[in-house]
Amino acid sequence: MTRSQTGLVVIYACGMVACFARGGTFVDLGFWAAAALMYAMGVVCLAGVLFELSLDPQDDCPADPVPPGGIRTRYRTYRAVRAARRRMCPCDRYWTSIGTEHDDWCPRARRTR
Ligand SMILES: [Zn+2]
């Protein structure tokens, strides 16, 4: 849901609450035509809320996340992934410190200090 849709939902919901509340007031006062008009406007606001909530969110992801390319692109991607995997470490402190520290038993601990 975008910000504009959220804003419209809030505006419609506030209008709906106000219309129904005013319609109840008019029923108490005996102004039936005005009460019917207020309830009708409240139903229109409710329809606006439901319409905005029923819209599908925009799909920012492309249908195919893999970029088009031949075997060279795939090989470059494979090498980048392999290099990233080589930089990872299996010790727990590496993962809990966002890759800045290593456990004492880790063979990579001395390289970083
Ligand atoms: Zn480590």
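The chain has five helices and zero strands, so if you trace the sequence from start to end you read the pattern α-α-α-α-α. Keep in mind that this is a predicted model. Burial is sparse here: buried residues account for 7% of the 113 residues in the chain. As for how the chain meets itself, take the contacts between residues at least 6 apart in sequence: 38% of them join residues at least 24 apart.

Let's start at helix H1, which covers residues 3-29. Does its length fit its residue count, and what should the span be? With 27 residues at 1.5 Å a residue, H1 should span 39 Å, and because its end C-alpha atoms are 39 Å apart, the two agree. Now look for what H1 buries: Tyr12, Cys19 and Gly23. Those buried residues pack against helix H2 (32-54). Right after H1 comes Gly30, with a positive phi near 90 degrees.

How do H1 and H2 sit relative to each other? Their axes come within 8 Å and cross at roughly 160 degrees. Angles over 145 degrees count as roughly antiparallel, and that is why H1 and H2 are described as roughly antiparallel to each other. The crossing of the two is left-handed. If you sort the residues of the contact of H1 with H2 by type, you get 18 nonpolar, five polar and two charged.

Move along to helix H3, residues 71-87. The same kind of length check works here: 17 residues at 1.5 Å a residue should span 24 Å, and the end C-alpha atoms of H3 are 24 Å apart, so expectation and model agree. When it comes to burial, H3 is hardly covered, with a count of zero buried residues among its 17. Set that beside H1, where Tyr12, Cys19 and Gly23 are buried.

Towards the end of the chain, have a look at the loop between helix H4 (92-96) and helix H5 (109-112), which is where Ile98 lies. What is the phi of Ile98? It is near 55 degrees, a positive value in a residue other than glycine. And is Ile98 buried or exposed? A residue with 12 or fewer C-beta neighbours within 10 Å is exposed; Ile98 has 7 inside that distance, so Ile98 counts as exposed.

Key: Residues numbered from 1 in each chain as written. Predicted model: local features only at pLDDT ≥ 70, side-chain atom pairs only at ≥ 80, totals over all residues. Helix = DSSP H or I, 4+ residues; strand = E, 2+ residues; numbered from the N terminus. Buried ≥ 20, exposed ≤ 12 C-beta atoms within 10 Å, placed from the backbone. Contact = placed C-beta atoms within 7 Å. Expected span 1.5 Å × (residues − 1). Axes fitted to C-alpha atoms, helices over the stretch in contact; angles between N-to-C directions. Parallel < 35°, antiparallel > 145°, perpendicular 65-115°, else oblique. Left-handed = near helix turned anticlockwise from the far one by under 90°. Nonpolar A, V, L, I, M, F, W, Y, C, P; charged D, E, K, R; others polar.
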